[in-house]
Amino acid sequence: SANQLMIEFLREDSYTISVEYECDFLNCGPYNTSKQIEVLPVLEIESNNSKICEGAFGLFTNNDNVNVEWKIFKDNVLIYTDYNDSLQYLFSDSGSYCITADNQYYCNQAKFFTEVIELPPAVTSVRGNNIACPNSYLLL
């Protein structure tokens, strides 16, 4: 309608929106009202573990180091939960994982995706000569 206004909030804070309205053609008003708006901060997961080897630990923190509810999903199935300011988890199976963090005092659920890579076959032997001369090369 004609009496609406779109407001974009660029940073977290507490705001008071005040409105005064008077209808000139009906000669009524003025009417005054206000509304308190809380703009909540954005929660982000921080980690260097977007790819990790199977059998390794992943470490996840959040941008404000506050306690959050951590959830780990594999194939859209919840496999682990914790409540802490950080999360350390042993990824024992390869695949795609989604890690989420929630806190009621933030405006969003943070998400982080990690790919756990299957370990390559272990090296069982090294082929090639075991004798070399100075200034020579061995192909192993």
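This is a short talk on the fold of one protein chain and on a single asparagine within it.

Hi everyone, thanks for coming. One thing to keep in mind from the start: what you see is a predicted model.

Let's begin with the overall picture. The protein chain has 10 strands and zero helices, so reading from the N terminus you meet β-β-β-β-β-β-β-β-β-β. How spread out is the protein chain, set against a compact globule? Its radius of gyration comes to 28 Å, while the globule rule gives 14 Å for 140 residues, so the chain is more spread out than a compact globule. If you draw a box around the C-alpha atoms along the principal axes, you get roughly 105 × 35 × 25 Å.

Now for the inside and the outside. Of the 140 residues, 21% are buried. The exposed area is about 10900 Å², with carbon and sulfur atoms supplying 50% of it. As for charge, the chain carries 7 positive and 19 negative charges, and the mean positions of the two sets lie 11 Å apart.

What about contacts along the sequence? Taking contacts between residues at least 6 apart, 45% join residues at least 24 apart.

Let me finish with one residue, asparagine 49. You'll find asparagine 49 in the loop that links strand S3 (45-46) to strand S4 (51-53). Is asparagine 49 buried or exposed? Buried, because its relative accessibility is 16% and the cut-off for buried is under 20%. And which residues does asparagine 49 touch, beyond its neighbours within four places in sequence? They are Gly58, Leu59 and Phe60, together with Phe112 and Thr114.

Thanks for listening!

Notes
Residues numbered from 1 in each chain as written. Predicted model: local features only at pLDDT ≥ 70, side-chain atom pairs only at ≥ 80, totals over all residues. Heavy atoms only, no water. Helix = DSSP H or I, 4+ residues; strand = E, 2+ residues; numbered from the N terminus. Rg over C-alpha atoms; globule rule 2.2 N^0.38 Å. Buried < 20%, exposed > 50% of the residue type's maximum accessible area, 1.4 Å probe, protein only. Contact = heavy atoms within 4.5 Å. Areas by Shrake-Rupley, 256 points an atom, 1.4 Å probe, with all protein chains shown as cover. Lys, Arg positive; Asp, Glu negative; His and termini not counted. Charge placed at Lys NZ, Arg CZ, Asp CG, Glu CD.
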